[in-house]
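Dear colleague,

I am handing over the structure below, and after it I set out what I found on going through it. Please read the notes with the structure open beside them.

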Amino acid sequence: MIICIGPVCIPIWHVMAILAMVWRPVYRFILWFFRSSEHEFFEGKAKDPSASPTENDWSSTFHEAKDESHFDTIVGRAEGSPPRPSPAPAYIIKFSATWCKPCHRILPVFSDLSTQFKNGVFICVDVDTMGSIAKEFEADILPQFTVLKPADANALPDKHSGLKIVDMMRGADAEKLEAMIARSLPRSKRGIAAAIGRKKSD
């Protein structure tokens, strides 16, 4: 089969080879762009997990886990991690990937919700770079949001090293995500004002 464009005719198999050559650098650029844009988004959001949050900044703890050991430090189960604050926080984990479009769409919502609740630690995990964490929490459909809380002192040890899963959802539904977080965390003043504003607009 031959394709003719103006004065030029090219066999179809040549067109396929040209498209393959062009697509490879475009695909690499897309991956680079999304990964770079996520890192830029996280600049200014990430906080030192070893810092002891005060009452005023509880609602703004937002982290991008860099690797498995960083994740374990954030949730307080790594050796030498600082003690968990009181009241015990809830860890809201967002499992995503650079190639997942719904994950990118829900990211600003997830970030904004971290300012609307108190006593929460919001963590983003890339399943491609942290496969063992994704496997541990069975994050096989993206995006996935998992809520962890420290297990009771008298509870038997579990596979999550002193943490227990209390809630989980899959998909990029902003309303369901907010409702899930509200079941585990109290709202901040900003969150209360936002909720009241939504009810008035309804």
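Are Cys 100 and Cys 103 buried or exposed? Both of these cysteines are buried, and I should say at once that this, like everything that follows, comes from a predicted model. Cys 100 and Cys 103 are joined by a disulfide, with an S to S distance of 2.4 Å, and the structure holds one such bond. The torsion about the S-S bond of Cys 100 and Cys 103 is about 75 degrees, so the disulfide is right-handed.

Cys 124 is buried as well, with a relative accessible area of 4%. Its closest cysteine sulfur belongs to Cys 103, but the sulfur of Cys 124 lies 9.7 Å away from it, which is too far for a bond.

The other element I looked at is helix α5, which covers residues 174-182 and whose buried residues are Leu 177, Glu 178, Met 180 and Ile 181. When α5 is viewed down its axis, these buried residues fall within an arc of 160 degrees, so they line one face of the helix. An α-helix has 3.6 residues a turn, so residues three or four places apart point the same way. On the other side of α5, Glu 175 and Lys 176 are exposed.

At the N-terminal end of α5, the cap is provided by Asp 173, which has a side-chain oxygen 3.1 Å from the backbone nitrogen of Glu 175. Glu 175 therefore appears twice in this account, as an exposed residue of α5 and as the partner of the capping Asp 173.

With best regards

Technical notes:
Residues numbered from 1 in each chain as written. Predicted model: local features only at pLDDT ≥ 70, side-chain atom pairs only at ≥ 80, totals over all residues. Heavy atoms only, no water. Buried < 20%, exposed > 50% of the residue type's maximum accessible area, 1.4 Å probe, protein only. Helix = DSSP H or I, 4+ residues; strand = E, 2+ residues; numbered from the N terminus. Arc of directions from axis to C-beta. Polar contact = N/O pair within 3.5 Å; in protein donor to acceptor, adjacent residues only side chain to side chain. Disulfide = S-S within 2.5 Å.
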